[in-house]
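Here is a short briefing to read alongside the structure. Have the sequence and the 3D view open, and let's walk through a few points together.

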Amino acid sequence: MSNTIRKFVLLPIMLTLFDGNTNVTTDTGMSGEMKTFYDKALITLAEPQLVHDQFGQKKTIPQGTGKTIQFRKYDSLPKAMTPLTEGVTPNGQKMNMSVIEATISQFGGFIELSDMLKMTAIDDNQVEGLKLLAGQAGRTLDTITREELAGGSNVVYAGGKAARHLLVGGDATAANNDYLMVDQVKRAVRFLKVQNAQKINGDFVAIIHPDNTYDFTNDPAWKDPHTYVDTKEQYSGEIGRIAGCRFVEVTEGKIFHAADLTASARNLTVASWTAGTKVAVVDEAITAAEATALAGRKVIIQTQLCTIASATAGAAGAASITLTAVPTTAPADGNTVYPGEAGAAGRDVYATLVLGANAYGVTSLAGGGLEYIVKQLGSGGTSDPLNQRATIGWKATKVAKRLVEQYMVRIESTSTFQSGSDAA
């Protein structure tokens with residue numbers, strides 16, 4: 001796609017060397033065609049990144065009908081276990097429809113180009129900017145859906161653990177690590193089957209991060225899933241199938257990452273703790289701003305998940321944290337205080353989303369109004385009196401909504417890898 005765009009734009013520039021009447025993209029007569037072309041290019045470049053949108057109900061809002069979308073679902077009818085009486089018509093049955101509403105929001109971004117840049121740059125910055133904006137639009141709209149799905153209530157924790165903060169990763173003993181395994185997928189699939197969730201084109205679908213793929217495909221129970229009788233129906237990013245579930249890989253998979261507790265220390269260390277209290281003096285310095293930010297943070301102390309009620313700023317050995325409750329097991333001097341929003345010892349936790357049909361709904365891409373907007377030099381009026389600035393941008397309306405909680409499961413696991421601070 002990028003080569004096609006580059007040729008399309010550069011050709012008129014080359015012709016201007018020979019013909020003073022050459023049509024160019026800034027001509028009034030060409031602006032409509034170019035806008036349509038770039039709109040289509042933006043959507044084409046953005047669509048491959050919308051993996052999380054692939055498997056939801058698509059809804060659009062007609063213009064002039066407000067900002068709220070309604071998703072509808074009907075409750076199943078109960079079993080008809082009473083035998084019919086000969087010649088007697090039974091009572092009819094009532095249908096029960098539930099309506100779930102969601103309100104759209106608008107998102108967007110733009111790039112500003114100076115007149116000097118447009119005149120002197122070697123590369124066509126409008127074309128390159130389009131690619132960057134398309135990537136931004138795709139990742140933004142995809143993340144909106146991902147975050148909605150990641151908030152689902154049904155969770156399978158790897159390794160049989162009971163909670164996210166207990167998930168272990170990076171242990172030297174392989175058996176101790178709570179990595180994604182086929183057994184967890186089977187458990188998730190079993191849950192969906194018990195809930196009578198319908199499949200998507202014959203299978204349930206799992207959205208998986210490449211870091212999880214690395215560990216998952218090392219599981220001895222994994223079988224080669226790459227041989228298909230018919231490959232036409234493969235989803236974008238699909239890597240294989242097992243246990244009645246097709247796996248679609250995406251680098252934008254959800255990762256729960258615990259931020260560092262202070263700017264200079266990921267973890268804190270208990271300097272002293274008085275039994276029966278909620279207060280721990282720590283070995284690390286805490287600034288006033290950091291003390292404010294620590295209030296409400298989750299922390300892990302001796303595998304216990306605790307919440308910081310407040311923190312007191314001070315130098316190393318003088319700063320302290322106060323918990324909301326006295327820990328069941330009293331911390332000891334020297335214990336590490338880990339950030340608690342992810343796994344054990346602050347390890348990143350990856351979410352693999354296993355989905356059935358009609359589990360969630362989204363606004364469709366075209367109906368959501370993904371639009372490419374270009375403002376040429378000279379279009380700014382008195383705000384740009386010297387015609388120095390042009391802009392290219394995008395905007396879109398979007399909302400995603402979980403519709404049937406029991407039709408989706410989130411498998412939480414650690415990985416061999418740590419994604420870093422950009423994980424979320």
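A280 has I321 of strand β14 as its bridge partner. Please keep in mind that this is a predicted model. The strands around this pair come up next, followed by a surface patch and some totals for the chain.

**Strand pairing around β14**
- A280 and I321 belong to a pairing in which strand β11 (residues 279–282) and strand β14 (residues 320–323) are antiparallel, with three bridges between them.
- Strand β13 (residues 304–312) also runs antiparallel to β14, and four bridges join these two strands.
- On the β13 side, which residue stands opposite I321? A311 does, so to speak across from the residue that also partners A280.

**A nonpolar surface patch**
- Y74, M95, M97 and V99 make a nonpolar patch of about 430 Å² on the surface.
- Y74 sits in strand β2, which spans residues 68–74.
- Is Y74 buried or exposed? Y74 counts as exposed because its relative accessible area is 51%, and the cut-off for exposed is over 50%.

**The chain as a whole**
- The protein chain holds seven helices and 21 strands.
- Of its 424 residues, 41% are buried.
- Taking contacts between residues at least 6 apart in sequence, 77% link residues at least 24 apart.
- The chain's accessible surface is about 22,300 Å², and carbon and sulfur atoms account for 53% of that surface.

Note on methods
Residues are numbered from 1 along each chain as its sequence is written. This is a predicted model: local features need pLDDT of at least 70, side-chain atom pairs count only at pLDDT 80 or more; totals for chains, interfaces and linings use all residues. Side-chain values use heavy atoms; hydrogens and water are left out. Buried means under 20% relative accessible area, exposed over 50%, partly exposed in between (1.4 Å probe, protein chains only). Contact means heavy atoms within 4.5 Å. Accessible areas come from the Shrake-Rupley method with a 1.4 Å probe; for residues, only the protein chains shown count as cover. Two strands pair if DSSP finds at least two bridges between them. Patches are made of residues with over 30% relative accessible area and no salt bridge: like charges are joined within 9 Å, nonpolar side chains (Val, Leu, Ile, Met, Phe, Trp, Tyr) within 5 Å. A salt bridge is a side-chain nitrogen of Lys or Arg within 4 Å of a carboxyl oxygen of Asp or Glu.
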